[in-house]
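Colleague: Hi, I'm new to this one. Could you put it on screen and walk me through it?

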Amino acid sequence: EVHVVESGGGLVQAGGSLRLSCASSAFSFTDVTIGWFRQAPGKEREDISSLSKLDGSTYYADSVKGRFTISSDNSKNTVYLQMNSLKPEDTAVYYCAVGFSWSALLAGSGSWGQGVQVTVSS
């Protein structure tokens, strides 16, 4: 069983920054994709960013492009989501997931963390 553990959530004022961390032993594999998703109350889950360990390619949703950055520290088997210029609409539970492809993660497959709350106050 693959464990995925997120951390770093919290309360921040609009315009502030947070860095989410996601740790998993699965990140040591070279052919996995790590994704960040979020879900706000009453809304569908939104895919916001991904990182391919295979080729290092990244993806950002338009809603976070230019403000969020995904990165990895291979020595720590940890992936980060640096979130800058946060807005109240970024308030959500953020989930990290790892799987063999982005399409698999979008379908809900793979291993998922328990989620962390990010709250941005106006």
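Colleague: Let me start with a single residue: is W112 buried, partly exposed or exposed?

Modeller: Keep in mind that this is a predicted model. W112 has a relative accessible area of 24%, so it counts as partly exposed, falling between the 20% limit for buried and the 50% limit for exposed.

Colleague: How many aromatic pairs are there?

Modeller: The count comes to three aromatic pairs. One of them joins F37 and W112: the ring centres are 4.7 Å apart and the planes sit at 40 degrees, so that pair is tilted. F37 belongs to strand β4 and W112 to strand β10 (residues 111–112), so the pair ties together parts that lie 75 residues apart in sequence.

Colleague: Which residues do the ring pairs link into a cluster?

Modeller: F37, Y59, W102 and W112. F37 itself is buried, because its relative accessibility is 1%. There's also a charge on that ring: R45 lies over the face of F37, at 5.3 Å from the ring centre.

Colleague: Where else does an arginine lie over a ring face?

Modeller: R19 lies over the face of Y80, at 4.1 Å from the ring centre.

Colleague: Switching topic: how many salt bridges does the structure hold?

Modeller: Four. R38 takes part in a bridge with E46 (2.8 Å, N to O) and in another with D90 (2.8 Å, N to O). The D90 and R38 pair links distant parts of the chain, 52 residues apart: D90 is in the loop between β8 (78–83) and β9 (92–99), while R38 is in strand β4 (residues 33–39).

Colleague: Which residues make up the salt-bridge network?

Modeller: R38, E46, R67 and D90 are linked in it. R38 counts as buried because its relative accessibility is 6%, and D90 is buried too, at 1%. E46 is partly exposed, at 27%.

Colleague: And K65 with D62, are they buried or exposed?

Modeller: Both are exposed. Their side chains meet in a salt bridge of 3.2 Å, N to O.

Colleague: Last topic, the inside. How many residues does the largest nonpolar core have?

Modeller: It has 29 residues, and those with the most contacts inside it are L20, W36, F68, L81, M83 and Y94. Several strands each supply at least two residues, including β3 (18–23), β5 (46–52) and β7 (68–73). The largest share, four residues, comes from β9.

Colleague: What is F68 in contact with, leaving aside its neighbours within four places in sequence?

Modeller: Its contacts include I48, Y60, L81, M83 and Y94, and also R38 and D90. Those last two are the pair from the salt bridge we talked about.

Notes: Residues are numbered from 1 along each chain as its sequence is written. This is a predicted model: local features need pLDDT of at least 70, side-chain atom pairs count only at pLDDT 80 or more; totals for chains, interfaces and linings use all residues. Side-chain values use heavy atoms; hydrogens and water are left out. Buried means under 20% relative accessible area, exposed over 50%, partly exposed in between (1.4 Å probe, protein chains only). A nonpolar core is a set of buried Ala, Val, Leu, Ile, Met, Phe, Trp, Tyr and Cys residues joined through side-chain atoms within 4.5 Å. Contact means heavy atoms within 4.5 Å. Rings of Phe, Tyr and Trp (its six-membered ring) pair if their centres lie within 6.5 Å; planes under 30 degrees apart count as stacked, over 60 as edge-to-face and the rest as tilted. A charge sits over a ring if NZ of Lys or CZ of Arg is within 6 Å of the ring centre and within 35 degrees of the ring normal.
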